[in-house]
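User: I am new to this structure and would like to be walked through it with a few questions and answers. Please explain the terms as you go.

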Amino acid sequence: MPFVTQAANIESLLPINGTLAIVKRDCPTCELVAPVIVRLQQQGFLDLVASQDDPLFPQGADVLDDRTLERSWHVRTDTVPTIVRFVDGEEVARLEGWNMAQWDEFFPAASIASTHNNLPHWRPGCGSMTEDFGMPEKLAARYGGESLHSRRVVLAAADDEWEQMFQRGWSDGLPVVPPTPERVMRMLAGTTRYPQDVVAIVPPDLIDCTVEKVAINAVMAGCLPEYLPVVIAALEGACTPEFNAHGLLATTYFAGPVLIVNGPIATNIGMNSGVNVLGQGNRANS
């Protein structure tokens with residue numbers, strides 16, 4: 001299932017050679033170190049300051065508006081404040097939170113400890129807005145979706161997504177979950193494999209099935225991301241010559257394949273086993 005992505009011009013967002021600070025007003029630690037950031041920029045030690053929630057913060061600095069979180073996402077910001085140094089477009093050093101000794105070492109010529117000796121020596125940072133609930137997959141779909149190659153199917157605003165999937169033959173008769181870009185990106189977080197890796201040649205059409213395609217189908221089936229490694233392993237096993245999936249899928253005789261999941265992952269994802277192994281209501285088993 002398909003979607004379009006916005007390719008970002010990274011060079012326009014991040015310094016090629018220089019230092020970038022990511023902050024947000026709704027963070028006590030960022031408020032605490034705001035005077036330090038303003039002074040560092042005024043002295044030429046800090047090239048860019050980007051604010052996630054208020055383009056007027058810190059007051060007195062030349063601030064970039066990052067309320068779209070595009071810069072923050074490309075820098076892989078987990079915590080604010082974050083300061084990143086780039087050389088030839090590559091990250092070479094990073095600070096997270098506030099540690100006076102580390103900041104002093106990061107900016108040796110700025111004499112932070114002597115200039116701001118009224119500040120505490122350490123404060124933990126706050127969570128980046130890129131980590132708010134639902135945001136990682138939303139931002140990944142918006143800014144990192146170039147790794148996804150499936151075509152996009154656009155439905156009219158008045159269409160019912162679930163009914164459209166039934167009408168288009170995407171269901172075997174059971175309810176399916178619409179594989180939106182956000183849901184697919186969330187599913188792909190369940191594996192370290194690259195989305196375009198080919199998992200298997202799938203019969204009866206004998207076409208390449210990539211990790212991305214597996215993730216899309218896993219979303220439609222109602223899987224959680226932690227189930228994805230099992231789904232990938234099951235597909236690899238089912239597409240071996242010994243299993244003969246072509247014969248199973250093309251036969252006019254009835255057949256009921258059985259998948260046995262063994263090892264720690266069965267416990268980790270909460271599969272039923274032993275008593276009530278085929279019992280109702282278990283999402284991983286289903």
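Analyst: Two strands are said to pair if DSSP finds at least two bridges between them, and strands (E, at least two residues) and helices (H or I, at least four residues) are DSSP runs numbered from the N terminus. This is a predicted model, in which local features need pLDDT of at least 70 and side-chain atom pairs count only at pLDDT 80 or more, while totals for chains, interfaces and linings use all residues. Residues are numbered from 1 along each chain as its sequence is written, and side-chain values use heavy atoms, with hydrogens and water left out.

User: Which residue in E5 is the bridge partner of Thr19?

Analyst: Strand E1 (residues 18-23) and E5 run antiparallel and are joined by five bridges. Arg85 of E5 has its own bridge partner in E6, namely Ala93. On the E1 side, the partner of Thr19 in E5 is Arg85.

User: Which strands stand at the edges of the sheet, each with a single partner strand?

Analyst: The sheet is open, with five strands in mixed pairing and the order E3-E2-E1-E5-E6. A strand with a single partner has one side left without a neighbour in the sheet, and that is so for strand E3 (63-65) and strand E6 (90-96).

User: What is the phi of Asp88 in the turn between E5 and E6?

Analyst: Strand E5 (residues 82-87) runs antiparallel to E6, and six bridges join them; among these pairs, Ile83 has Leu95 of E6 as its partner. The two strands form a hairpin with two residues between them, and in its turn Asp88 has a positive phi of about 55°.

User: Are helices H8 and H9 roughly parallel or roughly perpendicular to each other?

Analyst: The axes of H8 (residues 181-188) and H9 (residues 211-220) come within 9 Å and cross at roughly 115°, where axes are lines fitted to C-alpha atoms, for helices over the stretch in contact, and angles run from 0 to 180 degrees between N-to-C directions. Angles under 35 degrees count as roughly parallel, over 145 as roughly antiparallel, 65 to 115 as roughly perpendicular and the rest as oblique. The two helices, H8 and H9, are therefore roughly perpendicular.

User: Which residues does Asn99 touch, not counting those up to four places away in sequence?

Analyst: Asn99 belongs to strand E7 (residues 98-99), and its C-alpha is 6.6 Å from that of Arg123, although the two are 24 residues apart in sequence. With contact meaning heavy atoms within 4.5 Å, Asn99 touches His121 and Trp122.
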